[in-house]
Amino acid sequence: MSIVVLLATALAAGVEWVEALTIVLAVGLLKGWRSALVGTAIGFVALALLVVAFGITITSRVSIDTARTVVGVFLLLFGLKWLHKAILRSSGLKSLSDEARKFEETKQKLGQTAVTSGLDRGGVATALSGVFLEGLEVVFIVVALGGLQDIPSAVIGALIALLIVGGAGAAFRRPLTRVPENAIKYVVGIMLTSFGTFFSGEGIGVHWWGDDLSVLILVAAYGLASLGFVWLLKRPARRPSSISGAERTIRAIALELWGLFVDDGAVALVAVVVLLAVALLVQHQGDTHSFAGILLIVGVLLAVYVGLSNSAKSGRKADQAAAPEPESRPPVR
């Protein structure tokens, strides 16, 4: 059993189960617990069937090399999405996740009607969609990490998280607002990005140092780099006058090119380009000195930097647009 896979899956699944619980609680309190439980049960059955179907396909129908490459790439992009958002939240450029706010929004969508004793179609549909949509990410993580490393560990991690979150929800009957959801998402983003880098690198022929222990090195590297990104984003923006003409020109060209893409689109593009470049390097030159692994890590960090630069630029423009214009004064005669 892989403790790292179990821990990563439990943390990621825990965050998703907390968000699903918020929706189910709102349905239960407004539309009745019978409707909430029926929708939840249908959602879990659908998720279980997906895990079985995809798990069997990956482990028996697809070669391990192909699976590592394809799943590794998607896992890397998935992790980058989480890490990108976590860095933006930590730097103040994106609002923090708030389960209390989500709970009130769900109640407003359901309508302030009396609790019914029978089944409410709207309540069942809301609980089903909440559990299924939040659980889809859990399914992907379980299949990706479990299918390539250890399926029992991934499944056990997801079930442990479900039992803990479900038990807490049944006991308190309110959203779990005290769970450090944003910090957990930060850690999960780092871990998923690390696993995605490791698996996609193995798939394209990268020779990692120390085999599976390289995942810990990747976690440390991405963790320290992400803290550096948070520090840079929190620094006040420099005035344009302090930038040299050449630097201003290069920055304008870079921003114009990357401005064609938004948010995670830029991150995904750079990550895919880096993976293709490293794959071509390994195919033609080999990786006898594990140099390709270093290039892959640097390329992933570059993808994160590009996405953060775009988000920071958009945030500054929004702040400038929202700032009140100075009052005009009559000319002095």
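**Getting to know an all-helix chain**

Biologist: Just after α1, which residue takes a positive phi, and of about how many degrees?

Modeller: This is a predicted model, so every value here is computed from it. The residue that comes just after α1 is G32. Its phi is positive, at about 105°.

Biologist: Thanks! How many helices and how many strands are there in the protein chain?

Modeller: From the N terminus on, the elements run α-α-α-α-α-α-α-α-α-α. The count for the protein chain is therefore 10 helices and zero strands.

Biologist: What share of the residues in the protein chain is buried?

Modeller: A residue counts as buried when its relative accessible area is under 20%. The protein chain has 333 residues, and the buried share of them is 43%.

Biologist: And what share of the contacts with a separation of 6 or more comes from residues 24 or more positions apart?

Modeller: Here we look at contacts in the protein chain with a separation of 6 or more. Among these, residues 24 or more positions apart account for 85%.

Biologist: Let's look at α1. How far does α1 reach from its first C-alpha to its last?

Modeller: Helix α1 has 29 residues, and at 1.5 Å a residue the expected length is 42 Å. The reach in the model is close to that, at 40 Å.

Biologist: Why can α1 be called largely enclosed by the rest of the structure?

Modeller: The reason lies in how many of its residues are buried. Helix α1 is largely enclosed because, of its 29 residues, the number buried is 24.

Biologist: How are α1 and α4 set to each other?

Modeller: Helix α1 covers residues 3–31 and helix α4 covers residues 99–110. Their axes come within 9 Å and cross at roughly 40°. An angle that is neither under 35 degrees nor in the range 65 to 115 nor over 145 has its own class, so α1 and α4 are oblique.

Biologist: Which residues make that contact, and how many of them are nonpolar, polar and charged?

Modeller: From α1 come V18, E19, T22, I23, L25, A26, V27, L29, L30 and K31. From α4 come E99, K102, F103, T106, K107 and L110. By class, the contact of α1 with α4 has five charged, two polar and nine nonpolar residues.

Biologist: Where is R173, and which residues is R173 in contact with?

Modeller: R173 sits in the loop between α5 and α6, and its relative accessibility of 47% makes it partly exposed. R173 and L29 are 144 residues apart in sequence, yet their C-alpha atoms are 8.7 Å apart in space. Leaving aside neighbours within four places in sequence, the contacts of R173 are L25, L29, W33 and A168.

Biologist: Is K185 buried or exposed?

Modeller: K185 belongs to helix α6. It touches V15, E19, W82, A86, R89 and S97, not counting residues up to four places away in sequence. With a relative accessible area of 9%, K185 is buried.

Biologist: On to α7. What span should α7 have, and how far apart are its end C-alpha atoms?

Modeller: Helix α7 runs over residues 214–234, which is 21 residues. At 1.5 Å a residue α7 should span 30 Å, and the distance between its end C-alpha atoms agrees, at 30 Å.

Biologist: What is the handedness of the crossing of α6 and α7?

Modeller: The axes of α6 (residues 181–203) and α7 come within 9 Å and cross at roughly 130°. That angle makes α6 oblique to α7. The crossing is right-handed.

Biologist: By class, how many residues in the contact of α6 with α7 are charged?

Modeller: The contact includes Y186, I190 and F198 of α6, along with S214, V215 and L218 of α7. Its classes are 10 nonpolar and six polar residues, while the charged count is zero, with no charged residues.

Biologist: What is the relative accessible area of S214?

Modeller: S214 lies in helix α7. Leaving aside neighbours within four places in sequence, S214 is in contact with F198, W208 and W209. S214 is buried, and its relative accessible area is 0%.

Biologist: Last one: how far apart in space are I294 and V278?

Modeller: I294 is in helix α10 and is partly exposed, with a relative accessible area of 41%. I294 and V278 are 16 residues apart in sequence, and their C-alpha atoms are apart in space by 9.9 Å.

Key
Residues are numbered from 1 along each chain as its sequence is written. This is a predicted model: local features need pLDDT of at least 70, side-chain atom pairs count only at pLDDT 80 or more; totals for chains, interfaces and linings use all residues. Side-chain values use heavy atoms; hydrogens and water are left out. Axes are lines fitted to C-alpha atoms, for helices over the stretch in contact, and angles run from 0 to 180 degrees between N-to-C directions. Helices (H or I, at least four residues) and strands (E, at least two) are DSSP runs, numbered from the N terminus. Contact means heavy atoms within 4.5 Å. Ala, Val, Leu, Ile, Met, Phe, Trp, Tyr, Cys and Pro count as nonpolar, Asp, Glu, Lys and Arg as charged, and the others, Gly among them, as polar. The expected span of a helix is 1.5 Å times one less than its number of residues. A crossing is left-handed if the near helix is turned anticlockwise from the far one by less than a right angle, and right-handed if clockwise. Buried means under 20% relative accessible area, exposed over 50%, partly exposed in between (1.4 Å probe, protein chains only).
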